[in-house]
Amino acid sequence: MLPLLATMFITSCATDDGNYNYLTDEEAGVLGFDTVDTQYKGVFYRQFNIGDTINYDRVVTYAHPERLRYRWFTLKTNYNIYQAEQAGNSMVYPPADTIAHSRHLNYVVDLKPGTYFIYLMAEDSVTGMKKYLNPAGQYIVVNQPGNQGGLYLLSEKNGNSTIEVFTSPLMLIYGGQKCLYDYYHQQTGHYLEGKPRFIRGTMTGTKSKNGYLVATDRNLYRLNSVGLQTMNDWNSMFYNTPETFNPQASWYGNNCDFLINNGKLHVLYADKTNDRKFSDPIAGDYVAAPFLMKNTRTTWRPVAGAINAWQVIYDQQHNRFRPYYAQGSQISNFKSTLKDAIVDANAVPGDIKAIFQSGGNYTCVLTNVDNTPKLYRYNFYNVVDSGNLSASGTRSIIDLSGCTDIQRAKLFASNTPGYAFYYATSDAVYSFSASSGAITSNTVYTCLPGEEVTAIYAWGSAGGGWPTSSCCFWIAVWNEGTQEGKLIQYEVDVNYGIPNSMFGPMFGAPENPVITTGWGKIVDMMCLDAE
Amino acid sequence: MPILALIFMGSCSSDEDFYYQDTARVRLVGPEVWTVGSDSLTFSFVSYAAEITQQVMPVDVQIMGNAVNHDRIANIIVDPALTTASASQFNVPATVLIPADSTHAFLPVTLHRDASLQSNSVRLRIIVAESSDFAVGVNEENHLTFIWNDKLAKPSNWNDLKEFFGVYSDGKYRFMLENATPGTTFNIETMSWALLMSYKIKFQNALRLYNDAHPGQPFTDENGNLVTFD
């Protein structure tokens, strides 16, 4: 009996046709998006304003395109991350907002200002197979109305100051070329009192760098990026207004607004309760040069025991660099320098012409030592203070004797993604590469008759997913005879400092340089998004 | 009905009955910021710099009645029974002139500062006295009491302030008060972090200036400890 039962079981398990119809791989198909985005490349590489039209399409590959249905939707982010938000007593993820049901997107932006992820979903209506595409690669930005992004030009007009704005295709995120002449006056109906000194990013009440600190020779203004509304001026910007008006430098970083006025450092902590007022001058015996570091520390894999200063100043009274630590009430000091250090941060030699932060986050000093121009390079960024703050071994001191006219230089520019720096005399602009081993400078621009260089700017410490954020370099010139300013935009190689057309052709902006005219006398430039 | 009408008519008095009809009198109203509507005030010199040796309290002497077309004199006296301050510790004019066509005038009561106030409070009570022009006003406002001192006491909220100013000492606290805006009370409830930090920086700067001006004799407290704001 048992053998018979066993046989019955075995044969009953031999085959099982079941009641399923399996599709072959060919029959099922693979749903995919074309990886080469040519026609609509760059559509999402920009910020959007309410009312802008987004025109986008993507080729979908699939065995059964007739079965596909599409859905475009957005996900609202919170601080650029899609995460749960408080809704009553619960934490809920914001629901998706469907904006179109066709593969080709022709959408007039009506989202509220903020950041969003945008997706295209293709779905097989028979099998339910889905595929998602994020064409932007990351989040998109919808601007506040009245918030104009771009390169901000601080210009002189009739003895007062105004702000003008320039955007170009190479800048990617601003949607093409625009010249917004006299923009501040157009927005507000008046000018800023005094001749221009500098313009930098700042906070306007939150931790975001969303405003502009504008210094003239008569006043200091904190302007909101929306409509350039004045939030504060000199008299309302301090707990105790300094006796001497002399704003020299400012920088917003580490959630702190730093200002150097008349050789003293003032701070405003945006991540602490504040009244949007700068502190009393940070205590200590020092006279700060008009220099502030752009990047002083990192939170991504920091070196254990690194300096971690919130800011580093150059004390020109004692010829030394000095750190300022978080929430400190006084300036501090670096450790004593070891004898075998190539450069000494506690005793900077010579007659200093310029101090700036460059590639590798090195702090560079252009100084004349025994009538020889030299570049001294220090590193205070993500390193331990072991008594040797030399940036690059023997290359911590570079002879600049081969740099044309550097002794006559009046203007300097640099950025931290690259090792080149730029300098300008009245009639020409040059660059020098500190990483290539070069011993001579490159001529970037020579003024036409009647022209004078008034400002230079290399943007891009922000970097991070923005391909051209480090390779744009601008020169502003002024023609006193014609009373007209000219702006020259170059795409440059960040390490060699020479014009280089790489990203421009890639993103449909092959012209290099791009020259625009009709500007005021540009004295300073900055781009909030690239600082 | 006619009787009722007569009663009503008789009970309706003229508008003039709503106006003051009594003898001209005066009353005293202290400075609102100090008295807060009461009949006394308390004041401390401790939060003022050492060179501030007196404080003038403007007392508003208000008339009860109509203004007239000539000057009038009100008399003010010190109530000795309720005054502990010595004559050198205050100054009160004996009379105040109410100008013609005016309904009030200011009486400057000056409070003086001396060393004794660092350990004791003193009291002064002034009262309205009858004059040929004015009788004494309502009881509730015919006097004012002043209490003042220069006593230093550790703020009850010092634990909240330690983050900014460190360990407490009387010497440190007096130094802070001398270098702060007069009348400052440090409080994390009413001051932002940034304002308190700004004060810390201010005191650091002031301390450095003091120590630079006194080489070899840095600022120490009552216990002989070096004062710092770390």
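What follows is a walk through chain A, its contact with chain B, and the nonpolar cores. This is a predicted model, in which local features need pLDDT of at least 70, side-chain atom pairs count only at pLDDT 80 or more, and totals for chains, interfaces and linings use all residues. Residues are numbered from 1 along each chain as its sequence is written, with chains lettered from A in the order in which they are written.

Chain A holds four helices and 37 strands (DSSP runs, H or I of at least four residues for helices and E of at least two for strands). Its C-alpha atoms fill a box of roughly 110 × 60 × 55 Å along the principal axes. Of its 531 residues, 41% are buried, meaning that 20 or more other C-beta atoms, placed from the backbone, lie within 10 Å of a residue's own.

The largest nonpolar core (buried Ala, Val, Leu, Ile, Met, Phe, Trp, Tyr and Cys residues joined through C-beta atoms within 7 Å) has 145 residues, and Trp474(A) and Ile456(A) are among those touching the most other members. Beyond its neighbours within four places in sequence, Trp474(A) is in contact (C-beta atoms within 7 Å) with residues including Ile456(A), Leu487(A) and Met525(A). Apart from this core lies another, of 27 residues, including Phe90(B) and Trp148(B).

Over in chain B, helix α4 (residues 170–179) buries Lys172(B), Tyr173(B), Met176(B) and Leu177(B). Seen down the axis, these fall within an arc of 135 degrees, so they line one face of the helix; the arc is taken from the directions from the helix axis to the C-beta atoms. They pack against α3 (158–165) and α5 (193–213) of chain B.

Terms used
A residue is buried if 20 or more other C-beta atoms lie within 10 Å of its own, exposed if 12 or fewer, and partly exposed in between; C-beta atoms are placed from the backbone. Two residues are in contact if their C-beta atoms, placed from the backbone, lie within 7 Å.
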